Amino acid sequence: MRELVRYALTNWDYPRAAIDDSVLVASEIVTNAVRAARGRPIRVRIAVQDGAPLLECWDPDPELPRPREAGPDAMDGRGLAIISAYAKDAGVRPSATGVGKVFWALMPL
């Protein structure tokens, strides 16, 4: 996913800082989806909304992600906080098929 985001945003002429931030956020979104999917397929989409990168990832688990308290030595638990820190807006919506959910992040310009 990191290379896909980097490739797309580079070809769409986004600045380096926007690309790097989008790669980080996409990595966190996909990591959460992979964990939720527990071996089942996930889907990713990169689009542009109002000129800004829109990162989306579908997984088949209907359970919504929840922020967790991560201690200073914890190896995980910071993904949603990282997404919130870098994205202009982010959220979760039900899948159009009625199966699973789509986590999305709209990046700043």
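## Exercises on a predicted model

The side chains of glutamate 56 and arginine 45 make a polar contact of 2.5 Å. The exercises below concern a predicted model.

**Exercise 1.** Determine where glutamate 56 lies, whether this residue counts as buried or exposed, and which side chains make polar contacts with its side chain.

*Solution.*
1. Locate the residue: glutamate 56 is part of strand 2.
2. Assess its accessibility. The relative accessibility of glutamate 56 is 8%; the cut-off for buried is under 20%, so glutamate 56 counts as buried.
3. List the polar partners. Besides the contact with the side chain of arginine 45 at 2.5 Å, the side chain of glutamate 56 makes a polar contact of 2.9 Å with that of arginine 93.
4. Extend the list to its contacts, leaving aside residues up to four places away in sequence: glutamate 56 touches Arg43, Val44, Arg45, Arg93, Val102, Phe103 and Trp104.

**Exercise 2.** Establish the strand order of the sheet and identify which strands stand at its edges.

*Solution.*
1. Write down the order: four strands form an open sheet, arranged 1-2-4-3, with antiparallel pairing.
2. Find the edges. Strand 1 (43-49) and strand 3 (89-94) each have a single partner strand, so one side of each lacks a neighbour in the sheet.
3. Add the twist, which averages 20° from one strand to the next.
4. Place helix 1 (residues 2-11): this helix packs on the sheet, where it touches strand 1 and strand 2, and its direction makes about 25° with that of strand 1.

**Exercise 3.** Describe how strand 1 is joined to strand 2, and what lies between them.

*Solution.*
1. Count the bridges: strand 1 and strand 2 (residues 52-59) run antiparallel and are joined by seven bridges.
2. Check the register with two pairs. Valine 44 has cysteine 57 of strand 2 as its bridge partner, and valine 48 has proline 53 of strand 2.
3. Examine the connection. The two strands form a hairpin with two residues between them, and aspartate 50 in the turn has a positive phi of about 50°.

**Exercise 4.** Characterise the packing of helix 2 against helix 3.

*Solution.*
1. Take the geometry: helix 2 (residues 16-37) and helix 3 (residues 79-86) pack at about 150°, and their axes are 9 Å apart.
2. Classify the angle. Angles over 145 degrees count as roughly antiparallel, so helix 2 is roughly antiparallel to helix 3.
3. State the handedness: the crossing of helix 2 and helix 3 is left-handed.
4. Name the residues in contact. Helix 2 contributes Asp21, Leu24, Val25, Glu28, Ile29 and Asn32, while helix 3 contributes Gly79, Leu80, Ile82, Ile83 and Tyr86.

Conventions. Residues numbered from 1 in each chain as written. Predicted model: local features only at pLDDT ≥ 70, side-chain atom pairs only at ≥ 80, totals over all residues. Heavy atoms only, no water. Pairing = 2+ DSSP bridges. Axes fitted to C-alpha atoms, helices over the stretch in contact; angles between N-to-C directions. Contact = heavy atoms within 4.5 Å. Buried < 20%, exposed > 50% of the residue type's maximum accessible area, 1.4 Å probe, protein only. Polar contact = N/O pair within 3.5 Å; in protein donor to acceptor, adjacent residues only side chain to side chain. Parallel < 35°, antiparallel > 145°, perpendicular 65-115°, else oblique. Left-handed = near helix turned anticlockwise from the far one by under 90°.
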